Amino acid sequence: MVGGINDPPLSSGGGGLWVLTPSGSAPGETRRKSEMLDSLLAFGGLMLLRDSVEWEGRSLLKALIKKSALCGEQVHILGCEVSEEEFREGFTSDINNCLVYHDLFRDPLNWSKTGEALPGGPLGALTAMCRRTDPGPVTIALDSLSWLLLHLPCTTLCQNLHALSHQNSSLGDSSVQQVRVLGLLHEELHGPGPLGALSSLAQTEVILGGTVGQASAYILCRRPQQRPTHQTNWFSILPDFSLDVQEGPPVESQPHPDPHTSLVDPMTHLTFNLRLSKKEREAKDSLTLPFQFSSEKQQALLRPGQGQATSHVFYEPDAYDDLDQEDPDDDLDI
Amino acid sequence: MDSAGSVVSVAPQLLIQSAGSRSSECSRNSITFSTSPLTGRSRQDVAWSRRGQSRERSCRLHPGRRAHDPGKLTLLCDAKTDGSFLVHHFLSFYLRANCKVCFLALVQSFSHYNIVGQKLGVSLTVARERGQLVFLEGLKSSMDVFFQAHKEPHPLQFLREVNAGNLQPLFEFVREALKPVDNREPAWRCPVLLVDDLSLLLSLGVGAVAVLDFVHYCRATVCCEFKGNVVALVHDSGDGEDEENDILLNGLSHQSHLILRTEGLSTGFCRDVHGQLKILWRRPSQPTAQRDRSLIYQYKIQDKNVSFFAKGMSPAVL
């Protein structure tokens, strides 16, 4: 496909693949539907949504925004990649009224010079969001981090993201982080360095992938002083941006395991032996090495070579050979 | 999709000209679409005549034609083959559809596109004279940057700059060409920006981010403000060695609503099947329906058209 994107390999990681089974009852289903979003929104900090060309992540971002707005949080959106009306499409009007959209799409680099652009360009817009002083829980959506990463130095972006997601801890109000930052990141656009830097800043990472017809999210959570947890959810997003969690595809059509954790035994098809049989081990132990000076060898050397194969050098000097040891090159004019 | 066959109605209006001397066959001026019904062996030729002898179907390859659809970005991408036949197609298509077209032709001369366009039934000279087509001929006007004095920056001003900064003059040219004017000329339909091609800008020293910014601004203006369409061609080197091109290609793919990717066959050159076309529909901000998201066809370029068929269903092998 475009840019060499194949179906991203699903690494089930250490936590194993969690396949949901249908519970059959309506409350059970509702619980299942909201579980994934709830678990994602349970903690604050930075959440990275890593998507690709084939599995886009903006609809999941919008689903998370909708859920946050329904929970009564303030939602600020820094929109760089799509227009405001395209972003708001699909939301109901009451949700749209909760969203504060900072438009960095129309004129991010101030080319039109009409004064409508956000002051300070991309960096100014980002630092302005850091200086927000309203109390209460807030969700900040960055659409997208990739755009910011292409236009700002990685270090600046990381510093601002850190400041953004740790805002309330500086006020000293409570130990619970009340700021949640959702960042959409297009994986193919960046090298391993920036990706790794952002990944280390994030408390939650959601990697989007899927198989034919079925989208999946591999969720990695890092909490301070706890082990990282993994889980994989299969889902689809409905046109109103609510999430429908599904059971995964049947096991036969599961994608192949990550090539790094191949289950093939590397010991098969070797051209050499890795183990010794008993006889071979005995033969090996009884072998005398050539440089070992055992008593037999000493006797053999002291005895003149009787019937032993010793080597002789037979030399027939040529006519012009000079065997004079004192002047081998025959160039002394004495 | 058509109820009768699974592949018939997808690309009926791709009346496309071969981009070079691929074949000396001169077939009728129509699309030949081979489809094999479920029973397998027989073959139907569905010919769509440009002159209206058979029905015209709305072509799903041309997004944004409905009145309430905002503009779309269509990305043409080719890997190991020449995808410029798609550029010729879209140019002639939009001219025939009475749209105002701004064509940034950086690769070939005006006469090249004109000759090809005439085979497809449009005259670029006439279109340019009556104001429907704004044509930036990169090869010729690059000389103007050096040898003619301009008061305002030339669209290709970046050629003069040591650090090819940004493409703002080029964007201003596009905006000026496509902005709606009142009542002075016959009303054209939606404005269209066509670029051939963006990878060339990388070769000319512009950075990938600068090209992405240019396309961003074109999208913001042409698609969102003017409600037009943007079609751009990018080459894919395929081997991952050209990082700038990969950034450009991936960045554009994320912004696009429709990606048409032509590839050469992996087994090599074939006389009867010139390549395959992958069609991927994306809605960057809406959840995409899983069905019909992507399709693959193989094609053969002839003198005045391109015939499409399902994989393995080339008439030459059936």
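## A tour from the interface outward

Begin by selecting chain A and chain B together in this predicted model, where the count of residue pairs in polar contact between chain A and chain B, both at pLDDT 80 or more, comes to 10. Next, within chain A, pick out helix 2 (58-70), helix 3 (84-88) and helix 6 (145-151), each of which supplies at least two residues of the side of chain A that touches chain B. If you then colour that side of chain A by residue class, you will find 17 nonpolar, 10 polar and 12 charged residues on it.

Keep both chains in view and select every residue that takes part in the contact, which draws 39 residues from chain A and 36 residues from chain B. The area buried between chain A and chain B is about 3,200 Å², and carbon and sulfur atoms give 58% of that area. Should you look for salt bridges across the interface of chain A and chain B, the rule finds zero of them.

Now hide chain B and display chain A as a cartoon, in which 11 helices and nine strands can be followed. Of the 334 residues in chain A, 41% are buried. Turning to contacts within chain A between residues at least 6 apart in sequence, 65% of these join residues at least 24 apart.

For the last stop, switch chain A to a surface display: chain A exposes about 19,300 Å², with carbon and sulfur atoms supplying 56% of that area.

Definitions and conventions. Residues numbered from 1 in each chain as written. Chains lettered and ligands numbered in written order. Predicted model: local features only at pLDDT ≥ 70, side-chain atom pairs only at ≥ 80, totals over all residues. Heavy atoms only, no water. Helix = DSSP H or I, 4+ residues; strand = E, 2+ residues; numbered from the N terminus. Buried < 20%, exposed > 50% of the residue type's maximum accessible area, 1.4 Å probe, protein only. Contact = heavy atoms within 4.5 Å. Areas by Shrake-Rupley, 256 points an atom, 1.4 Å probe, with all protein chains shown as cover. Buried area = accessible area lost by both parts, 1.4 Å probe. Salt bridge = Lys/Arg side-chain N within 4 Å of Asp/Glu carboxyl O. Polar contact = N/O pair within 3.5 Å; in protein donor to acceptor, adjacent residues only side chain to side chain. Nonpolar A, V, L, I, M, F, W, Y, C, P; charged D, E, K, R; others polar.
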